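Got your viewer open? Let's take a walk through this one, selecting a few residues and strands as we go.

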Amino acid sequence: MPVTTVEHETVDAVVIGGGAAGLNGALMLARSRRSVVVIDGGTPRNAPADGVHGLLGQEGVPPADLLRRGREEVRGYGGEVMAGEVIGAAPADPSAEGDPRFTVTLADGGALRARRLLVATGLRDVLPDVPGLAQHWGHGVVHCPYCHGWEVRDEPIGILAVGPASVHHALLFRQLTDDLVYFTRGTGPDEETRARFAARGIRVVDTPVAAVESTQDGDIAGVRLTDGRFVARRVVAVATGMVARTDGLAGLNLPMEDLPGGMGRHFATGTAGTTRVPGVWVAGNATDPAAQVGASAAAGALAGAHINADLATADTDAALAAARQDTR
């Protein structure tokens, strides 16, 4: 591990994850003159996207540019951002006053000690196992009508159903195009749903999907069915499974919850990202899978402010205990 300014110190906070939530949490802490280190694994969820959307003042900014600016801002206030992979995080012996302590272990053998942790690891999108689908992820294959909808407006769109959530998914994408096909993939929408689709001009295809096929230029050509028929599409929308990234975090014993409809799993949190583990907060997609970049950044900022407030209370408790000890 390269020598850092905090390698042999106990820092106020370690932030695990260098996306919008983690960096904004670190920014709030650094601006409060807290020693903070961000461990950035370098695999943001939105890396395949061409631009960030729905973020006021930053509409269309490439994700890599937004994160680069964020890292510069954190460093500008004295925070540290380092590339690394966390392979272990666990509570350590508390201070004499009972203030929490944690050890964070990195894949390169280094370790950091911290008073507080902000987990902002994000999530993994899990695509259905359809041949030809994954290669188009983030471009011709999209999941969020608010993140990508404008960019695919008026295109022939196919919805690959994965469960009940796909019904609402279809209605949202119908707002964006008049040419929408719903591939049921065995999910069996009921007659009321079929009537609602028909009223909106959504075509329903019950024949199983064999593959998503590409053009010679590498774009989506359409969907091949198991009976050999081909349905031309330019875009495929699918509600992904969303699973919080938990690598290296088992030692924290953070509570988790399943998402409705079997759509994934996330960290369970309370107000401002608090957890049942004293000293640990979670922010961003790791706890709120539906949050876009702006919401994730806001959650990180709120968690960072709460961590600073918690540290301020602990600092005062320690100072008071020391003052009373001196008067004895």
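Start by selecting Ala 321, which is partly exposed because its relative accessibility is 38%, and the band for that label runs from 20% to 50%. You'll find Ala 321 in helix α6, which covers residues 293-326. Now add Glu 97 to the selection. Ala 321 and Glu 97 sit 224 residues apart in sequence, yet their C-alpha atoms are 8.1 Å apart in space. Keep in mind while you look around that this is a predicted model.

**Zoom out**

Show the whole chain for a moment. The protein has 328 residues, and 48% of them are buried. Color by secondary structure and you should be able to pick out 6 helices and 19 strands. Along the principal axes, the C-alpha atoms fill a box of roughly 85 × 35 × 35 Å.

Switch on a surface next. About 15,600 Å² is exposed, with carbon and sulfur atoms supplying 51% of that area. If you color by charge, there are 29 positive and 38 negative charges to find, and the mean positions of the two sets are 2 Å apart. As for contacts, take those with a sequence separation of 6 or more: 56% of them link residues 24 or more positions apart.

**Strand β6 and its partners**

Select residues 111-119, which make up strand β6. Is β6 largely enclosed or not? Of its 9 residues, 7 are buried, so the rest of the structure largely encloses this strand.

Now bring in the partners one at a time:

- Select residues 10-16 for strand β1, which runs parallel to β6 with 6 bridges between them. Look for Val 14 opposite Leu 117 of β6.
- Select residues 101-106 for strand β5, which pairs with β6 in the antiparallel sense over 4 bridges. Thr 103 has Arg 113 of β6 as its bridge partner. The hairpin of β5 and β6 has 4 residues between the strands, and Gly 109 there takes a positive phi near 100 degrees.
- Select residues 280-282 for strand β19, another parallel partner of β6, joined over 3 bridges. Here Leu 118 stands opposite Trp 281 of β19.

**A mixed open sheet**

Hide those and show strands β7, β16, β18 and β17: in that order, these 4 strands form an open sheet with mixed pairing. Which strands are at the edges? They are β7 (123-126) and β17 (256-258), each pairing on one side only. From one strand to the next, the twist averages 30 degrees.

For the inside of this sheet, select residues 241-244 (β16) and 264-267 (β18), which run parallel and are joined by 2 bridges. Click on Met 242 and you'll see Gly 264 of β18 opposite.

**An antiparallel open sheet**

Last stop: select β12, β13 and β14, an open sheet of 3 strands in that order with antiparallel pairing. Why do β12 (209-214) and β14 (230-232) each have one side without a neighbour in the sheet? Both stand at the edges and each has a single partner strand, so one side is left free of sheet neighbours. The twist in this sheet averages 25 degrees from one strand to the next.

Finish on strand β13, residues 220-225, which makes 3 antiparallel bridges with β14. Pick Val 223 here and then jump across to its bridge partner in β14, Val 231.

Methods:
Residues are numbered from 1 along each chain as its sequence is written. This is a predicted model: local features need pLDDT of at least 70, side-chain atom pairs count only at pLDDT 80 or more; totals for chains, interfaces and linings use all residues. Side-chain values use heavy atoms; hydrogens and water are left out. Buried means under 20% relative accessible area, exposed over 50%, partly exposed in between (1.4 Å probe, protein chains only). Contact means heavy atoms within 4.5 Å. Accessible areas come from the Shrake-Rupley method with a 1.4 Å probe; for residues, only the protein chains shown count as cover. Lys and Arg count as positive and Asp and Glu as negative; His and the chain ends are not counted. The place of a charge is taken as NZ of Lys, CZ of Arg, CG of Asp or CD of Glu. Two strands pair if DSSP finds at least two bridges between them. Axes are lines fitted to C-alpha atoms, for helices over the stretch in contact, and angles run from 0 to 180 degrees between N-to-C directions.
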